[in-house]
Amino acid sequence: MTTLPYAFAEEGCYPTPEHRLLRDSVRAFTRSAVEPQAAEHDRKGTLNRKLFAACGELGLLGVTVPAEAGGAGMDATAAVIVHHELSKSDPGFTLAYLAHAMLFVNNFYWNASDDQRERYLPKALTGEWVGAMGMTEPDAGTDVLSMQTTATRDGGEYVLSGQKALITNAPDADVFLVYAKVEGRITTFVLDRDMRGLSTTGPVHKMGMRGSTLGEIVMDDVRVPAKNLVGREGQGVTHMMRNLEIERLTLAAMSLGIADRCLEIMLDYAAERRAFGKPLVDHGQIQRYIGESFAKTEAVRALVYAVARTVRHDTKNRIGSDAAKLFAAPVGKEVADAAMQVLGGWGYCEEYKVERLLRDAKLLEIGGGTLESHQKNITRDLFALAKG
Amino acid sequence: MKILVPLKRVADPDNANKIKIAPDGAKIDTTGLEWKPNPFDEYAVEAALRLTENGATPKVRGGEVVVVTFGPKEADTTLRQMLATGADRAVRVDTTDDALDGSLVARALKALVEREKPDLVLMGKQAVDGDSNQVGQILAELLGWPMATFAATLQEEAGALLVGREVDGGVITLRVKLPAVVTVDLRIVAPTSVYSLATARTHKYADGVRFSALPAIMAAKKKPLIEVPLAELSPDTSLRIAYSKFEPPPVRKAGVKVPDVAVLVDKLVNEAKVL
């Protein structure tokens, strides 16, 4: 793996020497530990738990958790760097990482009590426990507020009933952050796998992102002690919204990683492969794929890293993170598709990796916010901001 | 054990083709080069960390590793990188890259060793840019310390080190009394190459140098990094080696295709004169 030049100064992405060290460290880890296992787990459709633990050892699982709570104490830019670098080799594994480190750990940390942090964080930060977040339901995706899962108070407990669908990590997870309605108000709970009445299905067979597993969380009158209520009743929507920006940004960073890798693969191939007496890079049609892929990738890089600097757990930039993901996801897919076109028949074969990256890239137009949800959010926010 | 690891930053060896030479051949043009720690020195830092821990719980430090480099302010980055992998302190000897040779570096290091009083100076066998392979040997001579070069294995004993050196036809094992100067070869970062007194002989390290963990990257910001002027360590900053001219290796000529074996043999006999 080589690194292609950026269209602008590196400082635009890496504001401090620590960000650069982080990039170098994750890049080296990706090259030596993530790359070699990616194809195998894609084929089998399994999560690499050992690699997950290695991420814990490296401190990646708590990238945004403050140091005093056992995390790395880094910012949204750092989270973007990690997802960007890991995705160059294995977007599927990176998605499992995202579901754990962003959807579970980051959300949980900022909203949980000290007692809850003490009970759940240590094992979540080492990777001994894998986390999942349950929001989507069989009949409620983008329209999240229409969720049906209920939580009913019963003495010192809540009784949870309902079903969460399309949940990344569900088949592997040990701990779950789940949204359920208490008297119609969305509320956050943290659940353990061994709670009676809780079960998961899957892994579901899927097109891409096969280094992570996907399934349902089924709650059949699960009795959850009140100490597992995160925050207060009715705060679920706030928790959800607070975490959305960093989720979208890191998903966009995954598309960037895919685009970077595919550009590199197509350039290498086009330099070596000859047709009609000259290398592919000398053919105008190929130059269009390469040139446009580079320009689009650089635009994603500039947007994603610029928005990353404006996002903190207590600072909102919804319109920026929506724009970043709306723009990045199709670019990841288009650059992967361009790479396959440049590689022709070889691109369609497993060996050159772009067929896997193309399958993975598609998910980012759907998961963590469909393109349509970003279009809706942006239009509404623009309207509200411009027209008051 | 207290270990001093001198390290040099070099132009990224993975991008060696980007190195340019000034038109007059007077020096290598360093603008735009990406700097990396010399790989052999990185291995020395890894070996030093292994010698100052027990293997099972690498976060518990059983000694001190001090890293030192020579260069301008930007060379701090190289030192911070090593602090992030686990080194305890750093010293930058302030100078410019082109005002150095092996002898001057060794003379300055001697003064630094007398200040720091380490039990061991551990360093790469050579830097991958100049490939001079001098500093360790000159330093040992100046200090009057025992020396072992090209170490492939290290095992700590009370007051000594067992050093395995790979040579033609086998391995030589030396016992060097501390303090000493040891230079390392690439196999020093294999899983079973280095054992401190506290590390179980059954312990196996991950192959290669360790990655910087994220919390350690943040903690490295707070670790001490001091700057020392070169002249303070070596008032005599004269060079023993003068570089007269740099030139890139000649461009390889294109090969020829021969129609059949007869022509090939003819060319080998009459043109190449190898048969």
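**Helix α2 of chain A, the contact between chains A and B, and chain B**

On the other side of α2(A) from its buried residues, A:K50 and A:E57 are exposed. The model described here is predicted. Helix α2 of chain A comprises residues 49-57, and its buried residues are A:L51, A:F52, A:C55 and A:G56. These residues lie on the same side of α2(A) because they cover an arc of only 155° around the axis. The cover over the buried residues of α2(A) is provided by elements of chain A that include α1 (17-44), α4 (91-111) and α5 (114-126). At the N-terminal end of α2(A), A:N48 acts as the cap, with a side-chain oxygen 3.2 Å from the backbone nitrogen of A:K50. Just after the helix, A:G59 adopts a positive phi of about 85°.

A further position in chain A was examined in helix α8, which spans residues 318-343 and contains A:D322. The relative accessibility of A:D322 is 0%, so this residue counts as buried, the cut-off being under 20%. When residues up to four places away in sequence are not counted, A:D322 touches A:R248, A:H374, A:N377 and A:I378.

The contact between the two chains involves 18 residues from chain A and 13 residues from chain B. About 1300 Å² is buried between chain B and chain A, and carbon and sulfur atoms give 72% of this area. Of the area that chain B buries against chain A, 48% is supplied by B:F211, B:L214 and B:I217, more than by any other three residues. Between the chains, the count of salt bridges is zero. Two residue pairs are in polar contact between chain B and chain A, both at pLDDT 80 or more. On the side of chain B that touches chain A, at least two residues each are supplied by α2 (76-85) and α5 (214-220) of chain B. The largest share of this side, four residues, comes from α5(B). Classified by residue type, the side of chain B that touches chain A has seven nonpolar, four charged and two polar residues.

Chain B as a whole contains 14 strands and seven helices. Taken along the principal axes, its C-alpha atoms fill a box of roughly 70 × 45 × 40 Å. Of the 275 residues in chain B, 44% are buried. Among contacts in chain B between residues at least 6 apart in sequence, those joining residues at least 24 apart account for 72%.

One residue of chain B, B:V184, was considered individually. B:V184 lies in strand β12 of chain B, which covers residues 180-184. With a relative accessible area of 0%, B:V184 is buried, since the cut-off is under 20%. Apart from its neighbours within four places in sequence, B:V184 is in contact with B:F40, B:Y43, B:A44, B:L122, B:M123, B:G124, B:K125, B:F150 and B:A151. By contrast with these contacts, B:A26 is 32 Å from B:V184 in space, C-alpha to C-alpha, and the two residues are 158 residues apart in sequence.

Key: Residues numbered from 1 in each chain as written. Chains lettered and ligands numbered in written order. Heavy atoms only, no water. Contact = heavy atoms within 4.5 Å. Buried area = accessible area lost by both parts, 1.4 Å probe. Salt bridge = Lys/Arg side-chain N within 4 Å of Asp/Glu carboxyl O. Polar contact = N/O pair within 3.5 Å; in protein donor to acceptor, adjacent residues only side chain to side chain. Nonpolar A, V, L, I, M, F, W, Y, C, P; charged D, E, K, R; others polar. Buried < 20%, exposed > 50% of the residue type's maximum accessible area, 1.4 Å probe, protein only. Arc of directions from axis to C-beta.
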